[in-house]
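Hi everyone, thanks for coming. I'd like to walk you through one structure today, and I'll take it piece by piece.

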Amino acid sequence: MDTTLPTQPSSYTQVIRRSFGLYLTTFKDAIALSLILAVVVFIPRLMSLSAGYDVFASLPPFSPLRFLFLIIEIVGLILFISVLWRIYSHIRHKHEAIKEDLVIGFRKVWAVIVASLIQLAVIAIVMIAFYLIQLAISLNPDIFIGHPIRILILCLIFVLPILVTIYVYTLFYFLIPLIAIENKGIIESLKRSAQLVWHHWWRTFAVQITPWIGYLIALIIYFYILIN
């Protein structure tokens with residue numbers, strides 16, 4: 001099966017078909033790192049299950065367990081970058097040892113962390129701006145009473161933060177692959193990701209949400225058909 005990267009924009013169906021084909025062809029190479037990643041990511045959940053309560057829900061600000069959680073997140077990110085690099089190596093027909101993939105993950109993780117913090121800062125600025133608008137509205141609520149258009153605007157103001165957050169998150173969807181695979185710098189990766197998504201936002205979002213829809217359907221089948 002041809003697994004080289006496409007040289008032109010693809011339709012939603014083409015992306016899903018190609019992604020599934022890539023998954024099948026790289027499964028054997030990526031499964032080991034992916035299993036390790038899954039175990040690391042679920043360590044907090046496993047700790048909570050063994051303790052009988054959510055261990056991380058009510059921790060003091062400077063609890064050592066918070067530091068442990070941070071280490072788990074960083075290790076998980078290193079493993080995720082390593083999986084991406086391993087898949088990329090498979091596409092390029094290069095067979096590297098897992099150790100080399102982990103080295104790439106460790107080298108790239110710090111740039112990914114900084115870029116992710118910038119992304120969070122952008123989202124935080126957007127949320128603060130909407131919060132200030134909502135605060136101003138709460139101080140003058142009478143201006144929206146009895147005016148259908150103004151009531152509609154008010155509803156939009158309270159819904160827009162969620163929509164804008166999803167939009168900004170999707171704009172930076174390619175942040176990690178650009179840093180890990182294309183060796184882009186932090187700022188350049190942010191700009192390039194936004195450029196890639198800018199005119200293809202809905203297609204990017206649709207592809208991104210498709211696995212989650214499949215996961216939800218699988219859960220529904222599991223709980224309501226197989227169990228009951």
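**Rings, cores and a few odd corners**

Let me begin with one residue: Tyr-173 has a relative accessibility of 35%, so we call it partly exposed. Its neighbour in this story, Phe-174, is partly exposed too, at 28%. Before I say more about rings, please keep in mind that this is a predicted model.

Okay, the overall picture. How many helices and how many strands does the chain have? Eight helices and zero strands. So if you read the elements from the N terminus on, you just get α-α-α-α-α-α-α-α. Measuring tape aside, the C-alpha atoms fill a box of roughly 65 × 50 × 45 Å along the principal axes. The chain has 228 residues, and 29% of them are buried. It exposes about 15600 Å², and 73% of that comes from carbon and sulfur atoms.

What about charges? The chain has 16 positive and 10 negative ones, and the mean positions of the two groups are 4 Å apart. And contacts: take those between residues at least 6 apart in sequence, and 66% of them join residues at least 24 apart.

Now back to the rings. A pair of aromatic rings is described by the distance of the centres and the angle of the planes. Searching the whole structure turns up 10 aromatic pairs. One of them is Tyr-23 with Phe-27: the ring centres are 5.8 Å apart and the planes sit at 65°, and since over 60 degrees counts as edge-to-face, that is what this pair is. Where do these two sit in sequence? Tyr-23 and Phe-27 are four residues apart in helix H1, which covers residues 12–41, so about one helical turn separates them. Are they buried or exposed? Somewhere in between: Tyr-23 is partly exposed at 48% relative accessible area, and Phe-27 is partly exposed at 40%.

That brings us back to Tyr-173 and Phe-174. Their ring centres are 5.4 Å apart with the planes at 75°, so this pair is edge-to-face as well. Rings can also link up in a bigger group: Tyr-167, Trp-201, Trp-202 and Phe-205 are joined into a cluster by ring pairs.

Two members of that cluster come up again when we look at Thr-170. You'll find Thr-170 in helix H5, residues 148–171. Is Thr-170 buried or exposed? It's buried, with a relative accessible area of 0%. Leaving out residues up to four places away in sequence, Thr-170 touches Val-197, Trp-201, Thr-204, Phe-205 and Gln-208.

Next, the nonpolar cores. In soluble globular proteins, nonpolar side chains tend to be buried together. Here, the largest nonpolar core has 17 residues, and Leu-77, Ile-81, Val-109, Val-112 and Ile-176 have the most contacts inside it. Which helices supply at least two residues each? Helix H3 (64–91), helix H4 (98–139), H6 and H7. H3 gives the largest share, five residues. For a close-up, look at Val-109: setting aside residues up to four places away in sequence, it touches Ile-74, Leu-77, Ile-78 and Ile-81. Apart from that core there's another, with seven residues, including Ala-30, Leu-33, Ile-72 and Leu-79.

Finally, a look at some loops. Gly-185 lies between helix H6 (175–180) and helix H7 (186–198). With 33% relative accessibility, Gly-185 is partly exposed. Remember Val-112 from the core? Gly-185 and Val-112 are 73 residues apart along the chain, and their C-alpha atoms are separated by 9.5 Å.

In that loop between H6 and H7 we also have Asn-183. Asn-183 isn't a glycine, yet it has a positive phi of about 60°. It counts as exposed, at 57% relative accessibility. His-93 is another one to look at: a positive phi of about 60°, and not a glycine. His-93 is in the loop between H3 and H4, and at 59% relative accessibility it counts as exposed.

That's my tour. Any questions?

Notes: Residues are numbered from 1 along each chain as its sequence is written. This is a predicted model: local features need pLDDT of at least 70, side-chain atom pairs count only at pLDDT 80 or more; totals for chains, interfaces and linings use all residues. Side-chain values use heavy atoms; hydrogens and water are left out. Rings of Phe, Tyr and Trp (its six-membered ring) pair if their centres lie within 6.5 Å; planes under 30 degrees apart count as stacked, over 60 as edge-to-face and the rest as tilted. Buried means under 20% relative accessible area, exposed over 50%, partly exposed in between (1.4 Å probe, protein chains only). Contact means heavy atoms within 4.5 Å. Accessible areas come from the Shrake-Rupley method with a 1.4 Å probe; for residues, only the protein chains shown count as cover. Lys and Arg count as positive and Asp and Glu as negative; His and the chain ends are not counted. The place of a charge is taken as NZ of Lys, CZ of Arg, CG of Asp or CD of Glu. A nonpolar core is a set of buried Ala, Val, Leu, Ile, Met, Phe, Trp, Tyr and Cys residues joined through side-chain atoms within 4.5 Å.
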